[in-house]
Every structure is written in structure tokens, then in C-alpha cells.
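Visitor: Please give me a close look at one part of this model: what is buried inside it. Cut-offs welcome, since I'll want to reproduce the numbers.

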Amino acid sequence: MNARSDSVRGPWERALLEQNRRWLLAYFIAATGDAALAEDLTHDVFAAALKSASTFDPSRSFGGWLRGIARNVLLMHFRTARQKPLPLGEGILDRLDRAAAHSEAAHAVPGYSELRLQVLRDCLGTLPERGRRVLGFKYARKMRSRQISDETGMNIAAVDMMLSRLRRTLQDCISRKMASVARG
Amino acid sequence: MDDDLLRKYLSGEATDEEAARLRGELERDPAGVEALFAAAELERDLSDVVSKAPARRAFRARRRSAWPLLAAAAALLAIGVGVWFVASRPTPVGEIVRVQGTVRFADGRPAAPGDALFAGQGLETVGGRSGAAIRFADGTHANLNGGTRLSRIDEDGAGRRLKLDTGTVNVETKRPLVIETPQAEVKVLGTRFKISAAENGTRLEVETGRVRLRRISNGTGIDVPAGHFAVAAAGVELVAKPIAPARSKAADLVARMPPKSWFAAPDTKMRQVVPDPAKFPRIQAVSGPKSVVSSWSGAALDSRRNQLIVWGGGTSSYYGNEVYAFRVDDLAWERVTEPSTDLALGQQINRDGTPAARSTYSGLAYIAHADRLFALGGVIADNRGNTGADVTWTFDPGSRRWFNMNPSGTRPQTGAQNLCAYDPDGRKVWWFDRLGLFSYDFAANRWMKAGEDIVHSRTCAVDTKRGLLVVVGQGEVLAYDLRAGAPARQVWKTRAGDAFVAKERVGLDYDPLADRIVGWAGGAVHALDPESKVWDVVGAPGAPAPTVAGIYGRWRYVPSLGAFVLVTDIDENVHFFKLGR
């Protein structure tokens, strides 16, 4: 990102955008199964929100307003740009909307995003080196299972199994640690 | 919820059929969407955390044009839509720990010890006598020989990548690492190796482990096992061959020495590698780095790297805590670490966590099985009370780091004039002080008291053939059987060496080839036959002047040479003595 636009905003504004960006991103990842597309659609939501800022009613939920825009952006993209249905269907969107609202509420708590990421870092630290390496190929180098298989000498099924197991381990670890934080 | 199906879908790798299956599962399971959303959040967070360059920074070019619009409009939006590209602060991937001669970053800036190294940076050593050492955050060490250009160092969640344009790098790593040269790509899974790149080829030598070498021109590759080398160059078959045991410079010279003779290695004065006093004015104290040797200080032989590690100074003489090594095979000195600049004078531990400089006496030993230098006792820098250096330290010559061991057990009393020796069979350091005889077990990180004998100001060595700890000095020769449950004192009545035995703080080590305890304190070399208890006095010409304050561990037997190495002064060449059989 350019430093210019960074400089015109204060930390409060940056925090607000970051707070909403994260749950929107998860919403689109869940709806499309495509992280790169989710980035683009999140961007489109903010661009649309900025264009229509004057239509926002401050007495209503800002997150709800963004979710409305998000659904339109999503449907528009699949109906017009891709001309194909959403991979999991449109029937899922209401329930996804509710999950996104929960996430939005959590992200509104100051420090929640940072805590979540720190917890993930801690959990990653408990994984064996080999597991971290495979995750590195997957998320840092953006490799697909076949490429990871070539890189590591593991067969594709073993890579897939390992990734699933790692994700489950991390998910459990995060849930446990976040619950522990919540209990104080 | 099928975890594998969920992962595939979120990775964009699910087929239409698999997506339909997931859709069916979500329709049947009301809680399934929460699981899907949680998994999507994990996917998002992993992209942020695992990648040092978050995915959002790789935003597609077609989207960038919208940013000026966002920038301008955001200021107008009361609800505060801000930036999501928060400028990322670069994280150092390592640190430059040693610089010799001219060393600069890829952008031309001079590099200095302590400088952080960031992903994307490069480092160059200019000229044959230059050198640099990099320590990475995970302990991986890379030593650049003179005339080496590492044009780029990259690191992300998947590992580390170095681009070697030319020159030689010695690497010790426990993490996956890729090195790219103009001709080849080397993949490492944790090993020690040396790689040299030149215009016409790349040579890889593997010391331990196994390394994958891939020729870039045609993609062919081979695994190079330990003790082998391979060359990637045009017209050269890509095969792994055994490394011929190369004879070092020192080995050649010592091989030519007749028995019972001295040899002074030319151009081996330690002075050439001491820190520039102008850059380190605060550590000079009364007499500067000369005191590293002359002020009651010793050394130990790192038999794995064939180097004599010298560490000393302290008291009011010198405050620099840098470690030196004389590389026996190359006949060259190296300043292994830089002096600490964050001194806590009068304290054992500097503010940067390193040990304070000290007069080390006979308190140094090399723990061969652990590849650590052991250090205890001595008189620390600016310590007016002369006591209290009771922290047990070890130094890892590979990573060049000090470790405060904080051991358990009954600790010895420490101070000046202590003595110690390492027993390779029992894997313990034996230590004498004014409380008695103690042993330190590195594996257990524990001290044990083994006897009440009070011995100081002498020197000891282990006769590895008989398992005896032999102590010489102050008119006595003592022996302790280390293979016995409780080592008991034996007083040896020796002949023909009384004048030598009467001295204090001599140099002493065991020569297994000659089966002799061999000592030196200036003038003639004295060799004791442990069976007959008779000293052989070898008055060969060419011996250097002794160090007034004592020789301590700076007289050590070098197994690979079958000879002794001796350091007496930083302004004197290093000497070798060959006793022969």
C-alpha cells in the first residue's frame, strides 16, 4: 500500500477498517473457497461503501450495512462476471451472514485481531518443524498439494492428510486458548 | 463436517462434485456453516501469519487503480474507513556477528558487527583477507570467506533462501535452506557443508547430512552424502565423489618436522585480528588485547574444528570479552566473536547476556561430545574483590554463542587459580578449587563433588589411555583414577623433572602417540612416562619465551598433527612442538 493514503488517516480510522476487513475477508473465503478472489471482493465492498457513504444511516449498524453491500458484490460477481452459481449455493448466505455478524462483534473488541493472531502464532510454535514447513509452502509460497508433494517427497495424499490434520490441530489450539483468555 | 473436504474447498482445490458434497453436508448440518466460517477465518489468519509478505500485499495490479479513490474518499467518511495496507515493518532475519576487512551490504553500505540483516538484503566480503559471519535467528550460521558475494537473503514461512553469486560460504544449519548459485541450486535439510561459486562452476562439499544439488541449466540433480563433493559446471558430469582427505598446511609442515623439534608458523601473530582500539575505546583498560594471553589466561583445543580457542583478559587489564580461535589447519587466526559493547563492569554477566571478560587461568576445557567450550571461574573485568565468577558458561563454536548453563548439584567455589580438564571417556569436566575436586556433567547439566583435595595454581591433564587425571605443579605430581568410583589421590614420585614440577601454572597435556604427559613452561619440554614416572627433558632449540603469568591451556596436543600447539603472546608467532614416538 502506498504511504500517501496511509498518511491521510489516523490510527483510529485504520483500526476501524482493519476491524471490518478481517471478518469480511472470512465471509468471502467461506462463500467462494477462493482466498485471492475474497481479497478482491473485500476491496470491492469498501470501494462501493466509499462511493455510497452518503446513503449510510448512522443510526443503523455499520457492519450490517457492509454485509448488505458484501452480499450484493458477491452475487453480482458470480451472476455477471463468472456467470455461474456460487459453489455452495445462495441458500447458505443467510447463515453465513449470521456467522459474519458474530465475527464482526468479536473484531469490534479492541485488540481482538491482534490477540487472535498471537494465539495462532503460539499454536504454530507448538507444531513440529515439518508441519510448519508444509504450512510455509502452502501459505507463504502459495503452493498447491502437488507442488508441496514435489518439494517434500511426500505423496499428495500424505500432504493433504497432513494439512487437514494441521488445520484441525490449530483450530483446536486456537479455540482452547481463546476460551482460556475469555475465562481470564 | 469432513475436515479434508473443507480444507480442499477453502484451498480452491475442490472439484465441482466435492463442492456439491460439501453443500449437501452444510444443508444437513445447521452448525456446519459456523465450522465453515471458523475454517475460513483460520485460512485468512494463516495467510497473514505464516507468510512474512501477507497475501494482501500481493493484491492484483488491476485493483491498484482504485486506491487513490479510496485514499481521497476515506477522509470524508465519518465511520472511518481507513487503510488495510498497513505498511509492514521489516523483521530482521539475522545479525552480522563478525566482520573482518571490508564487508558491505549489497547496496554498498559498510556492514558492522551487530547490524541486523533483513530479508532481501545481500552481503559482500571484499578482498581475500576479508570475512564475515552471519547468525540467523534460529541459530543457523553462515561464514563468508573473503571475496564472497551473497547477493540476496530471503526468508519466509517455508524456509530460507540464499543467492550466492561468487565465493565460498560455510554453513551449519538445522533448518531447511536453499542456496542458489549461477549454475546450481542446493537444497539442505540440516547439515554442515561448504559451497563455493565461481563464474565457471559451483562446488559443494558436504561434511555431515545429505544435500540435494540441482543443476539449473537442465534441472538434473543428485543427492550428495556426507564426506562427498559434487561440481555443477558445463561439461562436467554431475556425480558425487568422496572428498579426498586433504592435508592441511599445518599437517604438511608438521609432517616435515623431525621429532623433538620446534616450528614457529610464520605470520601467525594474534595481533592481526584484535579489534581496532579506536572502535572499542572503552574495553582497552590498562593493557589492551595483549592481556587476552598475557593476563593469567588460557585456551582449549576445539578438536572438531581443529582450532585453539583463546579467551582471556579481565581484571584491570582488558575488558574485551571477544573469543579468538587459531585455526590450526589454515595456520590463521580468527576473531570468533566481537567484544561486547554493553559492559556491566564488575559484574559477571554483561547487559547483552554474554560473560564478562576475565582472566581464565586453567578454567577452560573443550567438551568434545557436546561441542562446547566450558568456562568457569577466573577474575572478571574490573572486579576489585577478585572473586565470584561462579556462573558456569559454555560456548558453542558453531553458532558462536554463549550459554549460561545454570546447572544443578553441588557447585564448586570459583575464583582465581582453579584448574580443570575434560575426560572424553567419562564425558565430564574435572575441576579443582579450594573446596575440593568436582565434576561437571554437561548432559545432565549437573555438578558433583568428588573429593576433598584442595589443589590450585597447578595444571592438570587426562591420560586417556589409563583414565588418570594428572596434576603437576608446586613440587608435586598427583594422579586420580577417573575410572574408580571415587577418584582417590595418588602421589607420584617422579624423577628427573623436579625443577619443572616445582613450577606453577605450566602448560600440560597428554600425547597419546608417545604415551607421555607433556609439559612446557619455557625452555625445555618435559615428557613424563606414566609407567616409569621418569621425566624426559627435551631441550630443543627454537622454543619461544614463556608467558610470565603462566601457560595454562595455551599448550595443547593436536591429535590430527601429532604435535603440540602453543600460544605465548599476541605479538609472537604460534609455535608447534613435535615430540614424536
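Guide: Buried here means under 20% relative accessible area, exposed means over 50%, and partly exposed is in between, using a 1.4 Å probe and protein chains only. The model is predicted, so local features need pLDDT (the predictor's confidence in each residue, from 0 to 100) of at least 70, and side-chain atom pairs count only at 80 or more, while totals for chains, interfaces and linings use all residues; side-chain values use heavy atoms, without hydrogens or water. Residues are numbered from 1 along each chain as its sequence is written, with chains lettered from A and ligands numbered from 1 in the order written.

Let's start with the largest nonpolar core, meaning buried Ala, Val, Leu, Ile, Met, Phe, Trp, Tyr and Cys residues joined through side-chain atoms within 4.5 Å. It holds 43 residues, and those touching the most other members are Tyr27(A), Phe28(A), Leu66(A), Leu74(A), Leu96(A) and Leu36(B). Both chains chip in: chain A supplies two or more residues from each of α2 (11-32), α3 (35-51), α4 (62-81) and α5 (93-107), and chain B does likewise from α1 (3-10), α2 (16-28) and α3 (32-50). Those element labels are DSSP runs numbered from the N terminus: helices are H or I with at least four residues, strands E with at least two.

Zoom in on Tyr27(A). Skipping neighbours within four places in sequence, Tyr27(A) has contacts (heavy atoms within 4.5 Å) with Ala70(A), Arg71(A), Leu74(A), Leu93(A), Leu96(A), Asp97(A) and Ala100(A), plus Phe37(B) from the other chain. A separate core of 36 residues lies apart from this one, with Val103(B), Leu150(B), Val186(B) and Ile195(B) among its members.

Two residues from the chain A helices deserve a stop. Phe78(A), in helix α4 of chain A, is buried at 3% relative accessibility; its C-alpha sits 9.4 Å from that of Thr32(A), though 46 residues separate the two in sequence. Glu104(A) is in helix α5 of chain A, and at 17% relative accessible area Glu104(A) is buried too. Beyond four places in sequence, Glu104(A) touches Asn20(A), Trp23(A), Gly63(A), Gly64(A) and Arg67(A).

Now the cysteines. A disulfide is called when two cysteine sulfur atoms are within 2.5 Å, and searching every chain turns up one. The partners are Cys123(A) and Cys173(A), with sulfurs 2.1 Å apart, and at -85° about the S-S bond the link is left-handed. It ties together distant parts of the chain, 50 residues apart: Cys123(A) is in helix α6 (residues 112-125) of chain A, and Cys173(A) in helix α9 (residues 156-183) of chain A. Both of these cysteines are buried.

Why is Cys420(B) not bonded to Cys460(B)? Because the closest cysteine sulfur to that of Cys420(B), the one in Cys460(B), is 6.4 Å away, too far for a bond. Cys420(B) is buried with a relative accessible area of 5%. Cys460(B) is in no disulfide, and counts as buried at 6% relative accessibility.

One caution on confidence: chain A has a mean pLDDT of 81, with 86% of its residues at 70 or more. Residues 1-13 of chain A, however, fall below 50, and that stretch still has 24 contacts in the model beyond near neighbours in sequence. Where pLDDT is low, the predicted coordinates should not be read in detail.
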